[in-house]
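I opened the notebook to go through this one piece by piece. Below is what I looked up, in the order I got to it.

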Amino acid sequence: CLKQAESYDMISSLIVESVSGFSSFTLDVLQYSCLKRLQLDRPYMAADEVNVLPWLAKLTTFIVSVYNLNSFFNIDFIFNNVVEKTLKMEYQGLYILKEFLSKTTNSVYLDEPEYNLAVLLEASKESSVFAKTKLLGHTNKTSSRLLSLFQQKTNQDDITVAQKLFEILIVWPLDIFYDSFQLVSSINSKYDSINTVLRLMIDFIKSSVEGKEFSSIFNLEKFDTALSVSLFVSNSWRHVLFSKTSDDVSYLNLDKSDETTTTLVKDFWRYSLENLAFGALKFTNFTKFSLSSTEKSYNKICNILTKHTKENYPNEALKYFLEECVLKNSIMGVAEAIYSVEFMFLTLSSENLIHVLTILFTRDYLKRVLVSISTNEALFFSVFMNRIFIQLNNYDSNLNDNEVNDFKKEYLNWTKSFVFEISELILDNEYLNSRAAIQIISESIHSLPDIDIL
């Protein structure tokens, strides 16, 4: 039957519908049979090196469906096999892991520019439930069985499965990029899949356990000494791991700079969209949620961050802030892209902000950014750029009469530079570059100022 289920959806559906009547012994046999099918020595990647072959897609969907419908279906051996393959950097394991995390948990990693829902996911518990229901159709999937599999420790050492997976997924991209025999599309797809699995795993575990237990699972207290790959973990990924577990930002890898600049950088990584969601909500159409506690928290943080508006940061410091904080965080996800813009416009004085945006819109700067990021990262970056123009359209209300004219001249120059840069990339010979440019202009076009740039 399983062999037929790998080819025909109808047969797979019939088996799934009947599992409620299976005995424990039958379910064990089913797990063993699925495991043997996964272990067969046969190709699982399509010729394009991007998509998996139908047999693997259908078999994975079947296993995930049975797991969701029958709480007695044990997948311990299947999961261990998937982890083993992933630790060996075999894409089959990564693909199955991604399907389990995305379809058996309440974790959400947006791969579409859902601005409103991204903000609502972070604003409050009530709005988060609403957003997850919109995105997943439910918020009641129980994932304790899957959580215990990530928490388990191997016999050889005292490291959890989650920590081992994190370590291998962090360095896997290095292996992909140095493999010159892979197609660019294949490298791009695998890189995005790796990042998606990392985010889903971290967010799933973080939402399922308390802060201390999460810290223990990933050994955060001894992060730089216990993790062999800690040198390869960027501040962006450190922020994903440590955020919401502690206000301390000593986990960051920071360049030596003056104290005021360091304070700006630390504050950027200290917070997230959850803290600034109320400010971001003014650009959404949702007002039916009780957000009084969110507003109080937002106002408190605004009072803390306004100190930065009084600083006149050196040009090099602002460039470092843009490149090492804002840009690197903006390609991590939709929420991170929105937060990066919110933080910039909230904390930087008009003079500092204009300087940062002038760097961003300098000739060929956007091009250098876009040719170095993946498909998913380009989508997140499109959210970032669109959010900048949304903010700029309302920014002159914060300026006095003398500043408005200068701002409008700069805004015109930025818009011209942006349009010309994107136009050149659309005509680029490299398909991925053209695709990224089209993605960005399609997201931003309705937010661009109504001016003649010719």
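**Entry: isoleucine 354**

I started with isoleucine 354, which sits in helix 20 (residues 350-360). Keep in mind that I am working from a predicted model. Is isoleucine 354 buried, partly exposed or exposed? I got a relative accessible area of 22% for isoleucine 354, so it goes down as partly exposed; the cut-off for buried is under 20%.

Next I asked what isoleucine 354 touches, leaving out residues up to four places away in sequence. The answer was Glu410 and Trp414. I also checked the spacing to glutamate 410: the two are 56 residues apart in sequence, and their C-alpha atoms are 7.7 Å apart in space.

**Entry: glutamine 31 and asparagine 81**

I moved on to glutamine 31, in helix 3. Its relative accessible area is 4%, so I wrote it down as buried. Which residues are in contact with glutamine 31, once neighbours within four places in sequence are set aside? I found Phe73, Asn74, Ile75, Asp76, Phe77 and Ile78.

I also looked up how far glutamine 31 is from leucine 117. They are 86 residues apart in sequence, and C-alpha to C-alpha I read 37 Å.

Asparagine 81 came next, and I placed it in helix 5. Asparagine 81 counts as buried because its relative accessibility is 9%, and buried means under 20%. Ignoring residues up to four places away in sequence, asparagine 81 touches Leu35 and Gln39.

**Entry: backbone oddities**

I then went looking at phi angles. Most residues other than glycine have a negative phi. Glutamate 49 goes the other way: it is not a glycine, yet its phi is positive, about 60°. I traced glutamate 49 to the loop between helix 3 (24-39) and helix 4 (54-69). At a relative accessible area of 29%, glutamate 49 is partly exposed.

Methionine 89 also has a positive phi of about 60° without being a glycine. Where does methionine 89 lie? I found it in the loop between helix 5 (76-87) and helix 6 (91-103). Its relative accessible area is 27%, so methionine 89 is noted as partly exposed.

**Entry: cysteines**

How many disulfides does a search of the whole structure find? I got 0. Cysteine 325 is in no disulfide, and the nearest cysteine sulfur, on cysteine 302, is 19 Å away. A disulfide needs the two sulfurs within 2.5 Å, so that pair does not qualify. Cysteine 325 is buried, at 1% relative accessibility. I checked cysteine 34 as well, and with 0% relative accessibility it counts as buried.

**Entry: helix 18 against helix 22**

Two packed helices are described by the angle between their axes and the distance between the axes. For helix 18 (residues 315-330) and helix 22, I noted axes that come within 8 Å and cross at roughly 115°. Helix 18 brings Val326, Leu327 and Ser330 to the contact, and helix 22 brings Phe380, Phe381 and Phe384. Sorted by class, I have 5 nonpolar residues, 1 polar and no charged ones in this contact.

**Entry: cavities**

I searched the whole structure for cavities of 30 Å³ or more and found 2. The largest cavity holds about 60 Å³ of space. Which residues line the largest cavity? I listed Tyr109, Asp192, Asn195, Arg199, Trp237, Ile331, Met332, Ser374, Asn376, Glu377 and Phe380. That makes Phe380 a residue of this lining and also of the helix 18 contact above.

Helix 11 (184-208) and helix 22 (375-392) each give at least two residues to the lining of the largest cavity. By class I count 5 nonpolar, 3 polar and 3 charged residues there.

**Entry: second largest pocket**

My last stop was the second largest pocket, with about 1200 Å³ of space. It is lined by 36 residues, and those closest to its centre are Leu121, Glu122, Ser128, Lys244 and Glu274. Several helices each supply at least two lining residues, among them helix 7 (115-123), helix 8 (125-136), helix 11 and helix 16 (273-280). The lining of the second largest pocket splits into 14 nonpolar, 12 polar and 10 charged residues.

How values were computed: Residues numbered from 1 in each chain as written. Predicted model: local features only at pLDDT ≥ 70, side-chain atom pairs only at ≥ 80, totals over all residues. Heavy atoms only, no water. Buried < 20%, exposed > 50% of the residue type's maximum accessible area, 1.4 Å probe, protein only. 1 Å grid on protein atoms, 1.4 Å probe; cavity = no way out; pocket = protein on both sides within 12 Å on 5 of 7 lines; lining within 4 Å. Points joined across faces, edges and corners; volume = space filled by probe spheres on them. Helix = DSSP H or I, 4+ residues; strand = E, 2+ residues; numbered from the N terminus. Nonpolar A, V, L, I, M, F, W, Y, C, P; charged D, E, K, R; others polar. Axes fitted to C-alpha atoms, helices over the stretch in contact; angles between N-to-C directions. Contact = heavy atoms within 4.5 Å.
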